Amino acid sequence: MYRTRFSHVACSFLMLLIALPLALRDAGAGTRLPERLVEQEAPPPGLSSLPIQAQASISAALGRDQRAYHAQREGRAWRLENPKHGLRADFTTHGVEVRSGAARFGLRLTGLGRGARLEAVAASKPEAKSNRIDYRRGALREWYVNGPLGLEQGFTLDSPPARKGSEALTLALRLSGDLSAVPDPRGDGMALQTRGDATALRYRGLVAWDSTGRTLPAWWQGQGSEVWLRVDDAGARYPLTIDPIFEDARLVASDGAANDLFGSSVGIDGDTVVVGTFGDNTSQGSAYVFVRPAGGWAGMLQENAKLIASDGATDDFFGQSVAVSGDTVVVGALFGDVGNNIAQGAAYVFVKPAGGWAGPLPLQENAKLTASDGQPVDFLGDSVAVSGDTVVVKDIFGDVGEDQDQGSAYVFVKPAGGWTGPLQENAKLVASDAAANDLSFTTLGESVAVSGDTVVVGAAGDDVGTNTDQGSAYVFVKPAGGWAGLLQENAKLTASDGAADNRFGVSVDASGDTVVVGTFFATSRPAYVFVEPPGGWAGALHENARLTGSDQLTSFSVAASGDTVVVAPNVYFKPAGGWAGVLTENGRLTRSDGSPVFSLAVDVDGNTAVAGFCDNTPQGQGSACVFEGLETDTFEAEPAVTRTDCKTAGCRIPITCNLSQNCKNSIRLLVRRRDVRPREEARAKAPRMVPIASAVATIPPGATKPVTLKLTNSGRKIVRNNRKRKLTGVIQISNGTAFATTSVKIRLR
């Protein structure tokens, strides 16, 4: 099924959505929530396809039921913590202070009126109830609601602040703390900057509409500590909704500089992310290690440790490739000199110190890896990979016999004494049918992968039949005697629809029995998934599935982890029937400004992905983003059909379980209030979703079971008063830790 809820997205080292929307509306209403992994332009039915009000209503309801989102007394103040977003907000009589990672700021509504004629807003004591905080100021109420999809802030007005006229409605906000406001150079909001003029947070995405749903012109103004929200409410019907998104912004290396190209390579394993920056220090290069904070990938994070080569020199390109597995980090330096061999290349191994990834000074390598038969301009270290005690390093232009620039890969196994000192390979991997220039032009740092006992090497320059540079990939399986000597492949992978100049194999990754291969010049740059056959990796193999983008938007950068494949910006989950056929994405890695992350480097581990070069930065400084919460294996139940009938006896709909064990689910059916209530009542209350039926059901693995949902008291009235009507509603299915939603057609009988 399509996953429609993702627990967290953090763009680490660049930006982070912390979901602090501002709304002028009834306190029960919702607002736009942060887009975690935004679905395709024609998305499958799900949470992201619901009205904004429905999203917030569901989040608020879940927050009421989970104590982790409830307000906590802190002396004379109240505190709301949002574990999903690494966000904390403290509420006092003097206002609100928000913290997210290193970012700290105060935000307070100071005035309300028209144009420059504003009335001051009085101070108020915060009142708390479950996951909600209220400030009451006469006719104006400011409120905050905490839930899994973010912290929502809103303002409720009983009536317009003054007679409507030619001047715009204005809300004045004052900032305090470390940040000041300037117009966002992107033109869509306000940038909040530190004293060093680094963008720390942004307001963006301002939207306003009235009670009839009509969109109203809205814009930002402000400078320094003052921010104004302006709305042209001429002809509008109250209440109005003003809805920006408040977001964390650029997070880079603590010593980042122009032309660093931070994010040129990335790696992730568990709570550790490594980012390469081969342009650092006149292209000597470096790498940065980030450790996931207790609150998650959130806030303005700087690196925990910086890695450099002890013998580094200008133009080594250290950081062109990086990889991480457990406590081991590997960094490639493809232009590094070895002895008198110019640009022979090398790789460096760093082992996590006893005190963790930290230190006031950069850390130097534990071991340096070189090829025993290395020659000048081999470019060893173009691509590196590590899995447990096994490191694989690829060269581009290594000669094999008489074949110049054929290319090869080297396997290094952790010695009994650990990674230390200068080391040479245990085994060299070559292609049995290789020719000169087969592995050339793959200088993107992603054309080798290792998972357990399986190594994959891309050969983007390989000729297949008469197709020049069609490309291929080779699979090597660890022999019974271990990695030793000169080894040839067990299987060769090619695309069934391959053509000349596709450069298949420009990027590869492996996870368990799954291999994914990217292309470079192929139309729409599809990626290909190969699954290990029952008899093992052997012979010539074509793909099991071809991955395409719904709008032909894919890059050549690929990554795999378990049942998840990322071909930036698209994310694919293994279908219930396995990897087969031509598949389009289930979701998309999306920046907070709504644009997809077309990344040159990507990696994924479990439910977290990291992408390099995910946004433009001044003068090539570079960036990377972390997307947390790609939930692929915690929830797999969905309605078998998208329509249901509701009678006084209840609503009946078949539910499918796609897991290998029972799906135990709580199921609710919701409709929009405005669709089932008189217009006058709907206007008096903000539009939101109303639960009309619910049930708890256990579905056997792989089965489809009809489930009868019992009507709520409101549901019985709605069915009686709206018979023979057809409505559009939503079915929400929860397993207690995650939920998914699907739009359904409802017939009331």
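# Report on a predicted protein structure

Two strands are said to pair if DSSP finds at least two bridges between them. With that term in place, this report describes a predicted model, beginning with the whole chain and continuing with selected strands, one buried residue and several salt bridges.

## The protein as a whole

The protein contains 5 helices and 61 strands. Of its 749 residues, 58% are buried. The accessible surface amounts to about 28500 Å², and carbon and sulfur atoms account for 47% of that area. Contacts can also be sorted by the separation of their residues in sequence. Among those between residues at least 6 apart, 59% join residues at least 24 apart.

## Strands 4, 5 and 6

Strand 5 covers residues 77–82, and 5 of its 6 residues are buried, so that the strand is mostly covered. Strand 4 (residues 72–74) runs antiparallel to strand 5, and 3 bridges join the two. Within this pairing, Gln 72 has Arg 79 of strand 5 as its bridge partner. Strands 4 and 5 form a hairpin with 2 residues between the strands, and in this hairpin Gly 75 adopts a positive phi near 65°.

Strand 5 also pairs with strand 6 (residues 87–92), again in the antiparallel sense, and this pairing has 5 bridges. Here Leu 80 stands opposite Ala 89, a residue of strand 6.

## An open sheet of three strands

A further arrangement involves strands with higher numbers. Strands 51, 52 and 53 form an open sheet in the order 51-52-53, with antiparallel pairing. Which strands stand at the edges of this sheet? They are strand 51 (601–605) and strand 53 (624–628); each has a single partner strand, so one side of each lacks a neighbour in the sheet. On average, neighbouring strands of this sheet are turned by 15° against each other, if direction is ignored.

Strand 52 (residues 608–612) pairs with strand 53 in the antiparallel sense over 5 bridges. One facing pair consists of Val 610 and, in strand 53, Val 626.

## A buried threonine

Thr 170 belongs to strand 14 (residues 169–177). Is Thr 170 buried or exposed? Its relative accessibility is 0%, and it therefore counts as buried. A polar atom of the Thr 170 side chain lies 3.3 Å from the backbone oxygen of Gly 115. Leaving aside residues up to four places away in sequence, Thr 170 touches several others, including Gly 111, Leu 112, Arg 114, Leu 118, Trp 228 and Arg 230.

## Salt bridges

Side chains of opposite charge can pair when their charged atoms come close. The model has 17 salt bridges. The table gives some of them.

| Lysine | Aspartate | N to O distance |
|---|---|---|
| Lys 306 | Asp 255 | 2.7 Å |
| Lys 428 | Asp 373 | 2.7 Å |
| Lys 492 | Asp 462 | 3.0 Å |

The salt bridge of Lys 306 and Asp 255 has an N to O distance of 2.7 Å. This pair links distant parts of the chain, 51 residues apart: Lys 306 is in strand 25 (residues 305–308), and Asp 255 is in the loop between strand 21 (241–248) and strand 22 (265–269). Lys 306 has a relative accessible area of 14% and is buried, because the cut-off for buried is under 20%. Asp 255, at 35%, is partly exposed.

The side chains of Lys 428 and Asp 373 likewise meet in a salt bridge. Lys 428 lies in strand 35 (residues 427–430), while Asp 373 lies in the loop between strand 30 (367–370) and strand 31 (383–387), so the pair ties together parts 55 residues apart in sequence. Lys 428 is buried, with a relative accessible area of 11%, whereas Asp 373 is partly exposed at 32%.

In the salt bridge of Asp 462 with Lys 492, the closest N and O atoms are 3.0 Å apart. Asp 462 is in the loop between strand 37 (454–459) and strand 38 (472–477), and Lys 492 is in strand 40 (residues 491–493); the pair thus links distant parts of the chain, 30 residues apart. Asp 462 counts as buried at 2% relative accessibility. Lys 492 is buried as well, with a relative accessible area of 17%.

Salt bridges can also share partners. Through such sharing, Arg 79, Arg 88 and Asp 90 are joined into one network. Arg 79 was met above as the bridge partner of Gln 72.

Conventions: Residues are numbered from 1 along each chain as its sequence is written. This is a predicted model: local features need pLDDT of at least 70, side-chain atom pairs count only at pLDDT 80 or more; totals for chains, interfaces and linings use all residues. Side-chain values use heavy atoms; hydrogens and water are left out. A salt bridge is a side-chain nitrogen of Lys or Arg within 4 Å of a carboxyl oxygen of Asp or Glu. Helices (H or I, at least four residues) and strands (E, at least two) are DSSP runs, numbered from the N terminus. Buried means under 20% relative accessible area, exposed over 50%, partly exposed in between (1.4 Å probe, protein chains only). Axes are lines fitted to C-alpha atoms, for helices over the stretch in contact, and angles run from 0 to 180 degrees between N-to-C directions. Contact means heavy atoms within 4.5 Å. Accessible areas come from the Shrake-Rupley method with a 1.4 Å probe; for residues, only the protein chains shown count as cover. A polar contact is a pair of N or O atoms within 3.5 Å; within protein, one must be able to donate a hydrogen and the other to accept it, and residues adjacent in sequence count only if both atoms are side-chain atoms.
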